[in-house]
Amino acid sequence: GLIFYDTKVTVMNRVLNATVQRTADHAAPEITLDPLEIVGGEIRSSENSYFCQAARQLGCVPSSQLCVKLASGGDPTYAFNIRFTGEEVHGTSGSFRHFLWQVCKELQSSSLSLLLLCPSSAVNKNKGKYLLTPSPITYAEEQLLHFFGQLLGIAIRADVPLPLDLLPSFWKTLVGEPLDPDVDLQEADILTYNYVKKFENISDETELEALCAEIASQHLATESPDCPNKPCCKFTYLSLTGEEVELCPRGRHIPVGWENKDVYAAAIRSLRMRELQTPECMTAVRAGLGSIIPLQLLTTLTPLEMELRTCGLPYINLEFLKAHTMYQVGLMETDQHIEFFWSALEMFTQEELCKFIKFACNQERIPFTCPCKDGGPDTAHVPPYPMKIAPPDGAAGT
């Protein structure tokens, strides 16, 4: 945390350019996607999603082929080229960026099960934020998580921010920082956090009885074996994926009482912390990321910086965009229609601004720092910088 973000990025970029493995004389790997598989935005099965179509085809491409130099100049070198069946697309930039945008939409939808909406969003906290689905993974899922990690690295090399909304706990685990059992639990699952706190803060047995009765009324508890009418909780809890799990061996048969209530609360907390860390899933993601960028780089980045470098900022700063706009021959910033243009954009909501950026350059987010500030002739043209506004093509009239 003692080094400026810009300094870290400069070092990171140098390392990334020094670890390029695909040189100019190697043709880029090419994948073919069938847009008809996802017509109307409804994906009939996850195998047809762009994510799975791409994972299948890139599975047999050596990862060294995906390690390209950082984006610079007119049309950057991308990790792979994309051909859409039955479509004519000029250049490689637009289709590559559209692919990353579409894949992020798929990852944050019900069609793929790699990410899970965080439970806190049910009560309007961290709405729309996701975490890795915690579950024992099959070989196929491990391959998909590996590809997900590769995509994070590919986006960093391409300087195309991914519109992913992941919880801070994801980025913490990715860069190897320990989770905070209070803060991270509250961020991810505030209902469980409050539930655990209730058990931790009980001061006498009557309060415990009242709490068990309250939980029983929500069908979470069963009757005590000693006194049939007295409700009690057992050593079980719902996992993030909704299955009832035993918190200790034979937990279904162990009632929660005054002596062991703290053990019960601690067991729930550690269940959730294990689920947030998902070591098996995270190992696969890190392995994928490590095949594209050196993992040692992550040791200098804070979780927030890693998120900024991978996903950019989730909002569009108009002043920033204005500062990085070029006006082509014959146009001035003071022209009336240019002023109209900016005042129209100022009326846009953030959602509309993202749609405008998507329309203009096929990605929803813009990178957090602008490469053109380095002043090199080839750094000034990394899309979407600078935005160019040109006069109409030879048409007469207003």
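1. How much area does the protein expose, and what share of it do carbon and sulfur atoms supply? The exposed area is about 20100 Å². Carbon and sulfur atoms account for 56% of that area. Note that this is a predicted model.

2. Overall make-up. The protein contains 14 helices and 10 strands. Of its 398 residues, 47% are buried. Take the contacts between residues at least 6 apart in sequence: 66% of these link residues at least 24 apart.

3. Helix H9. This helix covers residues 261–277, 17 residues in total. From first C-alpha to last, H9 reaches 25 Å, close to the expected 24 Å. Directly after H9, Thr-278 adopts a positive phi of about 25°.

4. Burial of H9. The buried residues of H9 include the nonpolar-named set Tyr-264, Ala-265, Ala-267, Ile-268, Leu-271, Met-273 and Leu-276. Lys-261, Arg-269, Arg-272 and Glu-275 are buried as well; these four count as charged. The cover comes from both helices and strands. Among the helices are H5 (168–175), H6 (183–188) and H7 (190–200). Among the strands are E4 (130–132), E7 (236–238) and E8 (244–246).

5. The H2–H3 pair. Helix H2 (residues 50–58) packs on helix H3 (residues 93–107) at an angle of about 115°. Their axes lie 8 Å apart. Angles of 65 to 115 degrees count as roughly perpendicular, so H2 and H3 fall in that class.

6. Who makes that contact? H2 contributes Tyr-50, Phe-51 and Ala-54. H3 contributes His-98, Phe-99, Gln-102, Val-103, Glu-106 and Leu-107. By type, the contact residues are six nonpolar, two polar and one charged.

Definitions and conventions:
Residues are numbered from 1 along each chain as its sequence is written. This is a predicted model: local features need pLDDT of at least 70, side-chain atom pairs count only at pLDDT 80 or more; totals for chains, interfaces and linings use all residues. Side-chain values use heavy atoms; hydrogens and water are left out. Helices (H or I, at least four residues) and strands (E, at least two) are DSSP runs, numbered from the N terminus. The expected span of a helix is 1.5 Å times one less than its number of residues. Buried means under 20% relative accessible area, exposed over 50%, partly exposed in between (1.4 Å probe, protein chains only). Contact means heavy atoms within 4.5 Å. Axes are lines fitted to C-alpha atoms, for helices over the stretch in contact, and angles run from 0 to 180 degrees between N-to-C directions. Angles under 35 degrees count as roughly parallel, over 145 as roughly antiparallel, 65 to 115 as roughly perpendicular and the rest as oblique. Accessible areas come from the Shrake-Rupley method with a 1.4 Å probe; for residues, only the protein chains shown count as cover.
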